[in-house]
Amino acid sequence: MRRHRPVAGSLVAALLTLGLVAPAAGQPAPAGEAVMAWHVTISPTWFDPSTAPPQITPFGILYALHDALVKPLPNQKMGASLAESWTESPDGLVYEFKLRRGLRFHNGDPVTTEDVKFSFERYKGTGAKELQSRVQQVEIVDPLTVRFHLKEPWPDFMTFYGTTATAAGIVVPKKYLTQVGEDAFRRHPIGAGPYRYVSHTPGVDVVLEAYTGHWRRVPSVKRLIMKSVSDGNTRVAMLKNGEADIAYALDGQDAENVRRDPRLTLLSSRHASIFWIEFAEQWDPKSPWHDKRLRLAVNHAIDRKAINDAACLGFCPPAGVIVPRVMDFALQVEPPAYDPAKARQLLAEAGYPRGFDAGDLVPIPPFFTAGESVVNYLNAVGLRVRMRPMERATFYAAWREKKLRGIFLTAAGNSGNAASRVEAFMYSQGAYAYGGYPDLDDLFLQQARERDPRRRETLLHRIQQLSIERVMFAPVMDFRALMGVGPRVADHAINVVPMTPFRPTKTCASRTGDKEPRHEGADHRSPRRHGARQLRSALAVPADHRRRRGHDPRAHRHPDGAARLRRARPPASVRRDPAHPGRRRRGVDRRARGRGGHAAERRHDGDPARHAAFVSRGGRSDAAAAGHARLAAAHRGLQGRRGE
């Protein structure tokens, strides 16, 4: 049998650092508090894993309150948690899990295999149909051993059970839940996670406290306060005035406000999330969207790169398929070209030379910048749509119940692999699929039985290619959530766990007046104060760069397609010494500032000509002035082309 155990060796040291294994004697007690400003209203349904939707956001609460047999851990897409190990039978039909000894829920009840079986059987969230159709029975061998028997080999069992593809692997207390009932459990949840429930003020906040009886190391931060703050500008204001330590999911301009503040840090997540336009009525012969040409027109009407720049500051690479590129078995493909002329041609060929009224477009809250951009691009080619905002809970309920019609902009961020995304959104029996195709369904069922990874990849690539050829969706961009981190956070631990953006902070300064900690690590630093680089070449800016809200034309592209900002000039106090490229030159007077935030040097080695030239350049260095001139020339050329 194939056996899976926690990784040993050098990784153990990293896990100790992150508080994910048993503590050494004398471990400090949890202290202080951390405040997270969430972009959504936290729902009591998120306290109960049994109804988890195809979202990553609820796992920010679920993995704080609860624990799972197997789940994503630092540097592991899937690691042993409540289970100390698990095995898979040679025929792929039986998975056996061994629980750790001494596990207890927050109320003191022991965690047993009875709880494991009970939790799995009551699960009815995303992926439940697939799990129930493939698992024949759950066998309790003894209080610490449980076996899952499958009807046939299913290579994705652990993907569905042990990642955020579903919440089926999270264990809840059978005894407590049976005694108090479903509603009472959501009002006061009991779990086995690192934090226990304290209080919930609907629409305001959720308060959690460190659980000192947790089997792993007790968290460093004693109290977590998760505030519901739907307005992005308010989240940023809370971050700036010290009312919040982390602000989640910032939209374009709000993220730019964080990036401009040297006290704050802007981070982008690395989880498997993607935006796309759903054509809900494409299977209805009476709907205009049944015509493939109209769906293709939408794909060519939107400028994905510009939407990325406006809504995501260049961090979200344009997408060509709705399976995120970071997932296993994802088809790596270029997005459709931005071609408004072709979009208009397709509309005319479909019988709409003057366009047509396409009704409302509902964007997933709170990402209204992306929604507004999509609406503007569609209107520009004659697809007349109106943006209709909706509350997030209402949006997800309408999506789940298939009440959203026409077209809408949506997203999904839970992990898994290409098969889990196909199951949810392309397979005709998927919980969020509006329809499907028999041949695509057959390919999905075929790959689900295939144990050879290469053959599975071929089948899953074919499914994704069919979705492109049939224009089932209009993919927009791989989403990277932009998060602001305040100066009190010494170690935010964001992006430590693969595919999971939400992670409680490791350490924070006390809110009772302690000195703010300074951490010399990498992620903590503000991009304006640290790691800044001079502009390599203004001529590298693409000719079609648009100066949209929240867009900085001084961006460059990384090989993975995600944009990263290179500041044109670093702060004067750390400007590079041209004589020694590897060193920093100190002693520049910050009081003498020229345009663009650059400090002018008060002394120029007694050379009046050099000083005069420096002043004439507006306080810029030679290299910066040359770069600025090239950038200005490129922009003037762009304006000239637009005027043609």
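Helices (H or I, at least four residues) and strands (E, at least two) are DSSP runs, numbered from the N terminus. Residues are numbered from 1 along each chain as its sequence is written. You're looking at a predicted model, where local features need pLDDT of at least 70, side-chain atom pairs count only at pLDDT 80 or more, and totals for chains, interfaces and linings use all residues, while side-chain values use heavy atoms, with hydrogens and water left out.

**Exercise 1. Find tyrosine 63 and work out whether tyrosine 63 is buried or exposed.**

Step 1: Go to helix 2 (residues 59-65), because that is the DSSP run where tyrosine 63 sits.

Step 2: Recall the cut-offs: buried means under 20% relative accessible area, exposed over 50%, partly exposed in between (1.4 Å probe, protein chains only). Tyrosine 63 comes out at 13%, so it counts as buried.

Step 3: Look for a charge over the ring, meaning NZ of Lys or CZ of Arg within 6 Å of the ring centre and within 35 degrees of the ring normal. Lysine 71 fits, lying over the face of tyrosine 63 at 4.8 Å from the ring centre.

Step 4: Check a partner from elsewhere in the sequence. Tyrosine 195 is 132 residues away along the chain, yet the two C-alpha atoms are 8.8 Å apart.

**Exercise 2. Do the same for proline 28: where does proline 28 lie?**

Step 1: Proline 28 is in the loop between helix 1 (10-17) and strand 2 (31-38).

Step 2: Its relative accessibility is 60%, so proline 28 counts as exposed.

Step 3: Now measure across space in your viewer. The C-alpha atoms of proline 28 and serine 220 are 7.8 Å apart, with their positions 192 residues apart along the chain.

**Exercise 3. Describe how strand 6 and strand 7 fit together.**

Step 1: Two strands pair if DSSP finds at least two bridges between them. Here five bridges join strand 6 (residues 83-88) to strand 7 (residues 94-99), and the two run antiparallel.

Step 2: Pick out one bridge: threonine 87 has glutamate 96 in strand 7 as its partner.

Step 3: Inspect the turn. The two strands make a hairpin with five residues between them, and glycine 92 in the turn has a positive phi of about 75°.

Step 4: Check how covered strand 6 is: five of its six residues are buried.

**Exercise 4. In what order do the seven strands of the open sheet come?**

Step 1: Strands of a sheet pair through backbone hydrogen bonds, either parallel or antiparallel.

Step 2: The order is 11-12-13-2-14-21-15, and the pairing is mixed. At the edges are strand 11 (195-201) and strand 15 (265-268), each pairing on one side only.

Step 3: Zoom in on one edge. Strand 15 pairs with strand 21 (residues 482-485) in the antiparallel sense over four bridges, and leucine 266 stands opposite glycine 484.

**Exercise 5. Which residues lie nearest the centre of the second largest cavity?**

Step 1: On a 1 Å grid over the protein atoms alone, a cavity is a set of points where a 1.4 Å probe fits but cannot get out, and lining residues have an atom within 4 Å of a point. Grid points are joined across faces, edges and corners, and a volume is the space filled by probe spheres set on the points.

Step 2: The structure holds six cavities of 30 Å³ or more, and the second largest has a volume of about 200 Å³.

Step 3: Its lining has 21 residues, with Ile56, Thr57, His271, Arg392 and Phe479 nearest the centre. Helix 14 (392-400) and strand 19 (407-412) each supply at least two of the lining residues.

**Exercise 6. Which backbone oddities can you find at alanine 249, leucine 313 and proline 366?**

Step 1: Alanine 249 has a positive phi of about 50° although it is not a glycine. Its place is the loop between strand 14 (246-247) and helix 9 (252-259), and at 6% relative accessible area alanine 249 is buried.

Step 2: Leucine 313 also isn't a glycine but has a positive phi, of about 55°. Leucine 313 is buried too, with 8% relative accessible area.

Step 3: The peptide bond from proline 365 to proline 366 is cis, with omega near 0°. Proline 366 lies in the loop between strand 17 (356-363) and helix 13 (368-381).

How values were computed:
On a 1 Å grid over the protein atoms alone, a cavity is a set of points where a 1.4 Å probe fits but cannot get out, and a pocket is an open set with protein on both sides within 12 Å along at least five of seven lines; lining residues have an atom within 4 Å of a point.
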